[in-house]
Amino acid sequence: MFTQPQIAPSILSADFMNMSADLVEIEQGGAGYVHVDVMDGHFVPNLTLGVPFCKQIRTATGLPFDVHLMISNPLEQLPWFLATKPDIVTVHMEALDPELDQVNQAIDMIHEAGVKAAIALKPDTDTATLAPYIHKLDMVLIMSVYPGFSGQSYIPGSHERVAQVVEMSRAAGVAPLIQVDGGLGENQATFDVVSAGADVLVAGSAVFGKQDRAAAISAMLQVAHDAQAKTAAGLGPSAQVGNVDGERAH
């Protein structure tokens, strides 16, 4: 059974001189989350948003905040970001040492703050690394580009990794949200990842690069609903983007 798809516009692509207005626009336009990309210049080559920014924009919208930490020392910095009262915090598996139990420590630290916990995987990280932790996660983030810069092209086949997480979750008797980030829009990539089981779709330039952000969000949601309907009808990622008549899956 599908959950209602949600769009999480990444404010890395927003107008930083007009941020408050952009946040209001996506909230009124039907966004489900605000995706906040935090990059430290070490874990990824880019340097972006920090704690003061997260704290200030928290007052500009009622949308849930989805903070994606692309940082090399999450256990040290998590308390700073948790203090900004996000709704979901995502840390990267690659920044944590399972042998030192750091994955469990990060998840527990997030939950103890009353925040939902997510783990992100780079495109070349085996989804099987999630297996020991899947029962504790509220969300899994599958990167369909290599993290660090917005506007990259979707890596073909990323929907297969989504399907692997879906299968793993079912085997464990849990159902975390599955988020995909990278190269999504009103396109076949969105159709494919939703067909495979994705719930939350991160979009940067596909939303903020358009004059009408509400229309961009609506167009992505339409693709997602079409994907769910075709999958429910027995078709999958091999089907093509397009309108589907009849009742949509939810």
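Biologist: What makes the contact between the side chains of Lys136 and Asp108 a salt bridge?
Modeller: The side chains of Lys136 and Asp108 meet at 2.8 Å, N to O. The cut-off for a salt bridge is within 4 Å, so the pair qualifies. Bear in mind that this is a predicted model.

Biologist: Which parts of the chain does that pair tie together?
Modeller: Lys136 lies in the loop between β5 (116-121) and β6 (139-143). Asp108 belongs to helix α4 (residues 102-112). The two parts are 28 residues apart in sequence, so the pair ties them together across that separation.

Biologist: Why is Asp108 called partly exposed?
Modeller: Its relative accessible area is 30%. Buried would need under 20% and exposed over 50%, so Asp108 falls in between.

Biologist: How many salt bridges does the count come to?
Modeller: Four, by this rule. Two of them involve Arg213: one with Asp22, one with Glu25.

Biologist: How do you know that Arg213 and Asp22 form a salt bridge?
Modeller: Their side chains meet at 2.9 Å, N to O. That is within 4 Å, so the rule is met.

Biologist: Where do Arg213 and Asp22 lie in the chain?
Modeller: Arg213 is in helix α8 (residues 213-232), and Asp22 is in helix α1. The pair therefore ties together parts that are 191 residues apart in sequence.

Biologist: What makes the contact of Arg213 with Glu25 a salt bridge?
Modeller: The N to O distance is 3.2 Å. The limit is within 4 Å, so this pair also counts. Helix α8 holds Arg213, helix α1 holds Glu25, and the two residues are 188 apart.

Biologist: Are these partners buried or exposed, and why is Arg213 called what it is called?
Modeller: Arg213 has a relative accessible area of 11%. Buried means under 20%, so Arg213 is buried. Asp22 is buried too. Glu25, at 28%, lies between 20% and 50%, so it counts as partly exposed.

Biologist: What joins Asp22, Glu25 and Arg213 into one network?
Modeller: Salt bridges that share partners do. Arg213 meets Asp22 and also meets Glu25.

Biologist: How many aromatic pairs does a search of the whole structure find?
Modeller: One. Phe16 and Phe53 form it, at 5.6 Å centre to centre and with 20° between the planes.

Biologist: Why is that pair called stacked?
Modeller: The centres must lie within 6.5 Å, and 5.6 Å satisfies that. Stacked needs planes under 30 degrees apart; the angle here is 20°, so the label holds.

Biologist: Which parts of the chain does the aromatic pair link?
Modeller: Phe16 sits in the loop between β1 (6-9) and α1 (19-28), while Phe53 is in helix α2 (residues 51-57). They are 37 residues apart. Phe16 is partly exposed, because its relative accessibility of 39% lies between 20% and 50%.

Biologist: What sits over the ring of Phe43?
Modeller: The charged end of Lys122, 4.4 Å from the ring centre. The distance limit is within 6 Å, so the value fits.

Biologist: What is unusual about phi in Lys85 and Asp101?
Modeller: Most residues other than glycine have a negative phi. Lys85 has a positive phi near 65° and is not a glycine. Asp101, not a glycine either, has a positive phi of about 65°.

Biologist: Where are Lys85 and Asp101 found, and why is Lys85 called exposed?
Modeller: Lys85 is in the loop between α3 (74-82) and β4 (88-92). Asp101 is in the loop between β4 and α4. At 61%, Lys85 is over 50%, so it counts as exposed. Asp101, at 38%, lies between 20% and 50% and is therefore partly exposed.

Biologist: What makes Met220 buried and Glu112 exposed?
Modeller: Met220, in helix α8, has 1% relative accessibility, under the 20% limit, so it is buried. Glu112, in helix α4, has 71%, over the 50% limit, so it is exposed.

Biologist: Which residues are closest to the centre of the second largest pocket?
Modeller: Ser150, Gly151, Asp181, Gly182 and Gly183, of the 24 that line it. About 300 Å³ of space lies in this pocket. Its lining divides into eleven nonpolar, eleven polar and two charged residues.

Methods. Residues numbered from 1 in each chain as written. Predicted model: local features only at pLDDT ≥ 70, side-chain atom pairs only at ≥ 80, totals over all residues. Heavy atoms only, no water. Phe/Tyr/Trp six-rings, centres within 6.5 Å; stacked < 30°, edge-to-face > 60°. Helix = DSSP H or I, 4+ residues; strand = E, 2+ residues; numbered from the N terminus. Buried < 20%, exposed > 50% of the residue type's maximum accessible area, 1.4 Å probe, protein only. Lys NZ or Arg CZ within 6 Å of the ring centre and 35° of its normal. 1 Å grid on protein atoms, 1.4 Å probe; cavity = no way out; pocket = protein on both sides within 12 Å on 5 of 7 lines; lining within 4 Å. Points joined across faces, edges and corners; volume = space filled by probe spheres on them. Nonpolar A, V, L, I, M, F, W, Y, C, P; charged D, E, K, R; others polar.
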